[in-house]
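Good morning, and thank you for making time for this presentation. Please take a moment with the sequence and the model before we go through them together.

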Amino acid sequence: MIIYHGTTLIVDKPSADYSKRYLDFGVGFYITADKKQAENWAKRKAVRLKAKPIVNVYNLTDDFSEYKGLIFKDGDGEWLDFVANCHKGSLIYKDYDYVSGSVANDDVFLTVDMYVRGIWDKDRALSEIRYYETSHQICLISQALIDNDLNFEKSYEVK
């Protein structure tokens, strides 16, 4: 399957230690099957760093049977709790080789933050999230998965 990583660098040898700790699914290498989403991520990072937006393109093996994964179908209560825990610095993501599910983009992040801070309960947060359009991400946590099943194809600058 073709997947993308938006950033400001050519990343031909991805690392599981690439990201910050307090992201949606913890520390890992974040990818998406949504090309437009990767391009938007690259543009946002490029503005922040005053750099060129780059999208890296990879081929990811479809067979993950030898890896332990956690797949969230949509932004449900389990997803909300997992993301909230990762945003608080929990290491629960380390139980998995990969985690897949919705992105807590800027709009959703604010809702998750209200839940994390105890301002909203889970039902209120979930009722808010359903109004936002979400996209999908995969966090590759295992370096073995990255080394064995993720193949760099090319990169391009987003115009």
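Let me begin with a question: which residue is the bridge partner of G6 in strand 3? The partner is V55.

Before I continue, a word on the source. This is a predicted model, in which local features need pLDDT of at least 70 and side-chain atom pairs count only at pLDDT 80 or more, while totals for chains, interfaces and linings use all residues. Residues are numbered from 1 along each chain as its sequence is written, and side-chain values use heavy atoms, with hydrogens and water left out.

As for terms, helices (H or I, at least four residues) and strands (E, at least two) are DSSP runs, numbered from the N terminus. Two strands pair if DSSP finds at least two bridges between them.

I turn to the sheet that contains that bridge. Three strands form an open, antiparallel sheet, in the order 1-3-7. Strand 1 and strand 7 stand at its edges, each with a single partner strand, so one side of each has no neighbour in the sheet. From one strand to the next, the twist averages 25°; here axes are lines fitted to C-alpha atoms, for helices over the stretch in contact, and angles run from 0 to 180 degrees between N-to-C directions.

Strand 1, residues 2–7, runs antiparallel to strand 3 and is joined to it by 6 bridges. Besides the G6 bridge to V55, H5 is matched with N56, and T7 with I54. On the other side, 7 bridges pair strand 3 with strand 7, residues 150–157, again in the antiparallel sense. I54 appears here too, since its bridge partner in strand 7 is E157.

Are these strands covered? Let me put it precisely: how many residues of strand 3 are buried? The count is 6 of the 7 residues in strand 3, which spans 54–60, and in strand 1 it is 5 of 6. Buried means under 20% relative accessible area, exposed means over 50%, and partly exposed lies in between, with a 1.4 Å probe and protein chains only.

There is also an open sheet of 4 strands, with the order 2-6-5-4 and mixed pairing. Its edges are strand 2 (29–31) and strand 4 (69–71); each has a single partner strand, so one side of each is left without a neighbour in the sheet. The twist in this sheet averages 15° from one strand to the next. Strand 2 and strand 6, residues 136–140, are antiparallel and share 3 bridges, one of which places Y30 opposite C139.

Next, the interior. In soluble globular proteins, nonpolar side chains tend to be buried together. The largest nonpolar core in this model has 21 residues, and those with the most contacts inside it are F25, F72, W79, L80, F82, V99 and V112. By nonpolar core I mean a set of buried Ala, Val, Leu, Ile, Met, Phe, Trp, Tyr and Cys residues joined through side-chain atoms within 4.5 Å. Helix 2 (77–87), helix 3 and helix 4 (122–129) each supply at least two residues of this core, and helix 2 gives the largest share, 6 residues.

I come now to the largest pocket, which holds about 1000 Å³ of space. A pocket is an open set of points on a 1 Å grid over the protein atoms alone, where a 1.4 Å probe fits, with protein on both sides within 12 Å along at least five of seven lines; lining residues have an atom within 4 Å of a point. Grid points are joined across faces, edges and corners, and the volume is the space filled by probe spheres set on them.

The lining has 28 residues, with L23, W41, R44, R48 and V103 nearest the centre. Strand 1, helix 1 (35–49) and helix 3 (106–116) are the elements giving two or more residues, and helix 1 gives the most, 7 residues.

Finally, some loop residues. K50 lies between helix 1 and strand 3; K50 has a positive phi of about 55° although it is not a glycine, and at 78% relative accessibility it is exposed. D17, in the loop between strand 1 and strand 2, is exposed at 63%.
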